[in-house]
Amino acid sequence: MRFFICIIALRLCVYGLSTSCYGQSLARSINPSKISKEQKNIINLAGQWHFQMDAANKGIQNKWYKKKLSGSIHLPGSMVGNDKGNPVTIHTNWTGSIRDSSFYYDPRLAKYRKKNPPWFPFFLTPRKHYVGAAWYQKDVTIPDSWKNRHIQLFLERAHWQTQVWIDNTKIGMKNSLSTPQVYDLSKVLKPGKHRITIRVDNSINDVGINVGPDSHSVSDQTQGNWNGIVGRLQLISTPDVWLSNVQVYPDVKQKKAKVRVTVKNSLHKNVNVNIALSARSINSSDKQDVKPLSSHFSINSADTTLTINYPMGEHVQKWSAIHPNLYRLKAKLSLPNGSIDTKKVQFGMRNFTIQGTRFAVNGKPIFIRGTVNNANFPLTGHPPMTESDWLRIFRIAKSYGLNAMRFHSWCPPEAAFDAADKVGFYLQIEGPSWANHGTSLGDGRPIDQYIYKVTNLIGRFYGNHPSFCMMAYGNEPAGGHQVQYLNKFVDYWKAKDSRHVYTGASDGGHWPLVPEEQYLVKSNPRGVPWDKKRPGTEFDHRSAISAFNKPYIAHEVGQYDAFPDFSNIPEYTGVHKPRNLKLFRAILRKHHMGDEAHKFLMASGKLQTLFYKGEIEAALRTPGFAGFFLLSLNDDQGQGTSLVGVLNTFWQNKGYVNASQFQHFCNTTVPLARIKKFVYNNNETFNANLEIAHFGAGPMDNAHPYWQIQNADGKVIASGKLPSKKIPIGNNIPLGNVHFPLQQFHQATHLKLIVGLKNTPFKNGWNFWVYPKKQVQPDQSNIYFTHSLDQKAENVLKNGGKVFLEAAGKVRKGKDVKMGFQPAFWNTSWYHMRPPQTLGVLVKDKSPAFKYFPTSYHSDFQWWSIVNHAQVMWLQNFPKNFRPLVQPIDTYFLNRRLGLIFQARVDGGKLMVSSADLMSNSDKRPAARQLLYSLTRYMQSDQFKPKTKVSLQAVKKLFEKGPGDTYKLYFRQNH
């Protein structure tokens, strides 16, 4: 029987099912003789605890620490994870901004408000909700062997303010949102039975330190404002002279590590100790044992910090994102009485510095290709506490070509640092505040000192990790004295710890500059100009960064919205429920488009990917640029529901772009092309200036660039070799030019330029289209072309004829829908329907209507002159099964059935309607001209047989002023 229990315990540890390795506690109870000294010095507190909510905040006054609490709960865990708290109602007071009040007032949403619980559209809904104090209590027995030893209570991640009592004695209070909370219990935990009582408070007001209710460390918009304790939950015993902290400062050039060891002494007398250092390489195929070093010291009765220079040997293995070689250092303190204390820390021999306007790792320039981690953890409602969970996240991000992650106004647990160290990822860590919402910096509020307190703890607990490279106070600050405050913050950290580089905050372009920051994270160098200019790739962001002589990282790049993926609703099996997605799906079905959900996802996702490609390539084309942080690679289910990721919230592929495809334009090495435009007449020449961005492990010797032009079937119709060359680290490295005359194409043709490096995986591609400048126009004598549904059009239809209605600028029903070629930014709810409000178009590409206009089912560059700022038609009064040929995809908050081009049977005739302008400036708009030609050829063919009958009255209502023309949004200033 013992054998099977041990096997189960081992499996729990191996698979990470218990963050505190519950299997070790089982083994300890089974066979104490085999437990190491280190394990004997730990009491694992995981398991059942007594529990009681304190909503009225009377627990301290009524001395609950003196009584046995009435309920029970499992720790490590959260209240919501244990199904504790209050039911969610329409009156729940959320931690976080509700910027869109329409849900509370729109009569069309009344049925969703009345559901139990309501289907809130703003973010995922927790199973239960609770803000306030809660009490946790456990009885423990301290062994005789712990007599006269130093004892700590270790709470790896509590959320968030804790107070601790041992029996009837109050120990103190801790309130870090970012690091473990550690209590010294040496004076009260004598051998024998004791009661540990912990009060946890997750209310901003009661805690007294407002970090900002939208801060990702506390907000219901992200991980949730949970109450509980997760991760390691232990009592730890050490000798009365012990190793309090070990910090490692690598010196790559001198091949040594400066080790700072802090020793604490509670004996009130000087003690002679021996400190032995040893290190071993890990995460490397080249195994290395560094020669141990022992030193003798006299420790006084106060804290003593010792500096030991530890030679790392001649063959130092350096750490970088490309080669994440690590070391594990063991510091062993030995006392004259035979007692020992040990600490193990993970570190890397790396030097993260600034070279001009770029970062460098071990002297080699790098380019930050990052994403923001917005603390979305729907299954647990709190950050993962196991390394395996974080390894999965970082490996997925790396497979999409990224090498960096910014933690937006929060700091992850140590498991994340361990994983990033091993995968090779550069992390920007932030304090737990988004001060622009609900608080401010530099104005004498408690948050001013709290930021210093928490970031100092971050440095203490996580500073050794080589992945920890950058740090900011937090996100987008506020306050009349914010610049002075952040200048001092940066100066403080520059003087304190040279292992990292520091900026004041991650923020938008209109925030004031902080002169002392070592690098910038701002939004000016982002965006593509395709909303106002025809698409091309000649632009970059050099003008936005030209005034700065320090590294500049683009802030929160992208934010291009895609349609929801309803297929993963069943995967939300944890504490946060996707009632927002259920609401959007219900509205879609109510508007008779439920069968189109997946098509909308794929079409909008393809457009989203096109824009991310444009963003990332522009960054890589910019001389001297330091990098970018996407917002984000995976969906953010908060702040209105922001489906801006090419991956879903669970970091899963949505189906429209995979990792290898994304790597074509986001990688260590990316071929690039500066192309003026993507739509041509066949009397023109396609020109592209080719270059490459390369930030690999080192220069590429004798690289062999090539180019190809492929047709729509992937057949190579032209190709060329470019001069072989050595490619240094950097960007704006010229490869050559492509000049390809287009006179051979007498029909509309879709082509693709491919640029790559031979015998490498590095290649990239761009679609372009060629249209005949002159072609024989089809006979139009039996089609009535008109710009209004006039009497002649009605007569033609009644007589069974054909009508082409090009009604650009004439739409009334749907005129308030603002469409662009670009998809909606972040989401329309958070920004009160700021345009654009659409997510691209869904095209019936298999229809013979597009026989002479090559297209896929989604927007691409050939659609730009047709759809950008075009009017759309709201087909509210059309038959339920009606589907247009070109269907704009509405914001998922409204899901109106829209049309840009449709065909229908009307009064016995056949009608084609376009609210897009297909006729003006045809010489300068080849794609619009060609689409009109294709539609006309179709209408002249025997295939022009619209299936769905629509009443003439329904068509007329599209262009006549009347009630219900616009969609009332029910926004109110305050809720």
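Helices here are DSSP runs of type H or I with at least four residues, and strands are E runs of at least two. The model is predicted.

**Exercise 1. State how many helices and strands the chain has, and how its radius of gyration fits the globule rule.**

Step 1. The chain holds 18 helices and 49 strands.
Step 2. Its radius of gyration is 32 Å, and the globule rule gives 30 Å for 975 residues.
Step 3. The two values are close, so the chain is as compact as a globular protein of that length.
Step 4. Along the principal axes, its C-alpha atoms fill a box of roughly 105 × 70 × 65 Å.

**Exercise 2. Find what share of the residues is buried, and what share of the contacts joins residues at least 24 apart.**

Step 1. Buried means under 20% relative accessible area.
Step 2. Of the 975 residues, 61% are buried.
Step 3. Take the contacts between residues at least 6 apart in sequence; 73% of them join residues at least 24 apart.

**Exercise 3. Count the charged side chains and locate the centres of the two sets.**

Step 1. There are 124 positive side chains and 66 negative ones.
Step 2. The centres of these sets lie 3 Å apart.

**Exercise 4. Decide whether helix α8 is mostly covered or mostly open, and name what its buried residues pack against.**

Step 1. Helix α8 spans residues 414–423, and 8 of its 10 residues are buried.
Step 2. That makes α8 mostly covered.
Step 3. Its buried residues include Phe417, Asp418, Asp421 and Val423.
Step 4. The buried residues pack against several elements, among them α7 (387–399), α9 (446–462) and β25 (426–430).
Step 5. Just after α8, glycine 424 has a positive phi of about 95 degrees.

Definitions and conventions
Residues are numbered from 1 along each chain as its sequence is written. This is a predicted model: local features need pLDDT of at least 70, side-chain atom pairs count only at pLDDT 80 or more; totals for chains, interfaces and linings use all residues. Side-chain values use heavy atoms; hydrogens and water are left out. The radius of gyration is taken over C-alpha atoms; the globule rule is 2.2 Å times the number of residues to the power 0.38. Buried means under 20% relative accessible area, exposed over 50%, partly exposed in between (1.4 Å probe, protein chains only). Contact means heavy atoms within 4.5 Å. Lys and Arg count as positive and Asp and Glu as negative; His and the chain ends are not counted. The place of a charge is taken as NZ of Lys, CZ of Arg, CG of Asp or CD of Glu.
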